[in-house]
Structures are given as structure tokens and as C-alpha cells.
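Q: Please take a close look at the salt bridges in this structure, and at the charged residues that form them. A connected account would help a reader who is new to it.

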Amino acid sequence: MAEVVGPRLYSCCNCRNHVALHDDIISKAFQGRNGRAFLFSHAMNVSMGAKEDRNLMTGLHTVADVYCTDCREVLGWKYERAYEESQKYKEGKFILEKSKIDKENW
């Protein structure tokens, strides 16, 4: 009998709360505070901190930290606004740090 397998997911490394779908990855070539990070089009079971302007590697952005709704672990950030035209594609997208998420259903 075939095994029923759900979608490939990423979960919070601290509490296993599902936070993103593998299919929502836009890029794996991003840098977070603590190493590699992934750019996602969507995230789930997360809450946002206060918006603030940050000078990142690609220029000035307005971002909000992203927290796991279960354990409040900081997982990354959400791009709220990009000031440079070439970076506008990031607006509304999520950075989740590879060290803060684990694979599920692989």
C-alpha cells in the first residue's frame, strides 16, 4: 500500500510549528543574520514585529522581524518596502533563516 505523504514543509527548529511550504521558495541565495537564508513568497503561523528601516546588503529596506506564533523564536524578516527600484520584487516576501527552520515530509 502506498504511503500518504503531505506537502514538503519547513517548520520552526525550536517547536516544529509549520511555517512555510517548499513550493513557496523563490530563492535559496539569500543571506540572513546568521548565515544562509531562503526567500519565500508566503509564510504561515508567524507574526510580525514592528516595522523598521534597515541597511541590508542590497540597500535600505523597511522590514519587520518574523516570529513563530507558537514559541516566539525569531525566524527572519518580512520585506515591507524596498527603496531601490531593482529590489522592489522583495516587497511582501519573507526571509527565513536556514538555521531557524527544519525540513518536514521530505
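A: A salt bridge here is a side-chain nitrogen of Lys or Arg within 4 Å of a carboxyl oxygen of Asp or Glu. The model is a predicted one, and by this rule it has 7 salt bridges. Some of these bridges join up: R33, E52, R54 and D65 are linked in a network of salt bridges.

Consider the pair D65 and R33 within that network. Their closest N and O atoms are 2.8 Å apart, which makes the pair a salt bridge by the 4 Å cut-off. D65 belongs to strand β6, residues 59-68, while R33 sits in the loop between β3 (25-32) and β4 (35-40), so the bridge ties together parts that are 32 residues apart in sequence. The two partners can also be described by their accessibility. D65 counts as buried, at 14% relative accessibility, because buried means under 20% relative accessible area. R33 counts as partly exposed, at 44%.

Another bridge in the network is formed by R54 and E52, whose side chains meet with an N to O distance of 2.7 Å. R54 is buried, with a relative accessible area of 13%. E52 has a relative accessibility of 39% and counts as partly exposed. In the R54 and E52 bridge, then, the arginine is the buried partner and the glutamate is partly exposed. In the D65 and R33 bridge, the aspartate is buried and the arginine is partly exposed.

A further salt bridge is that between D102 and R16, at 2.8 Å from N to O. D102 lies in strand β9, residues 101-104, and R16 in the loop between β1 (9-12) and β2 (18-21), so this pair ties together parts that are 86 residues apart in sequence. D102 counts as partly exposed at 26% relative accessibility. R16 is partly exposed too, with a relative accessible area of 41%.

Disulfides are a separate matter: the structure holds 0 of them. C13 is in no disulfide, as the nearest cysteine sulfur, that of C12, is 5.2 Å away. C13 is partly exposed, at 30% relative accessibility. For C15, the closest cysteine sulfur is in C68, at 3.5 Å, which is too far for a bond because a disulfide needs two cysteine sulfur atoms within 2.5 Å. C15 is partly exposed, with a relative accessible area of 28%.

Terms used
Residues numbered from 1 in each chain as written. Predicted model: local features only at pLDDT ≥ 70, side-chain atom pairs only at ≥ 80, totals over all residues. Heavy atoms only, no water. Buried < 20%, exposed > 50% of the residue type's maximum accessible area, 1.4 Å probe, protein only. Helix = DSSP H or I, 4+ residues; strand = E, 2+ residues; numbered from the N terminus.
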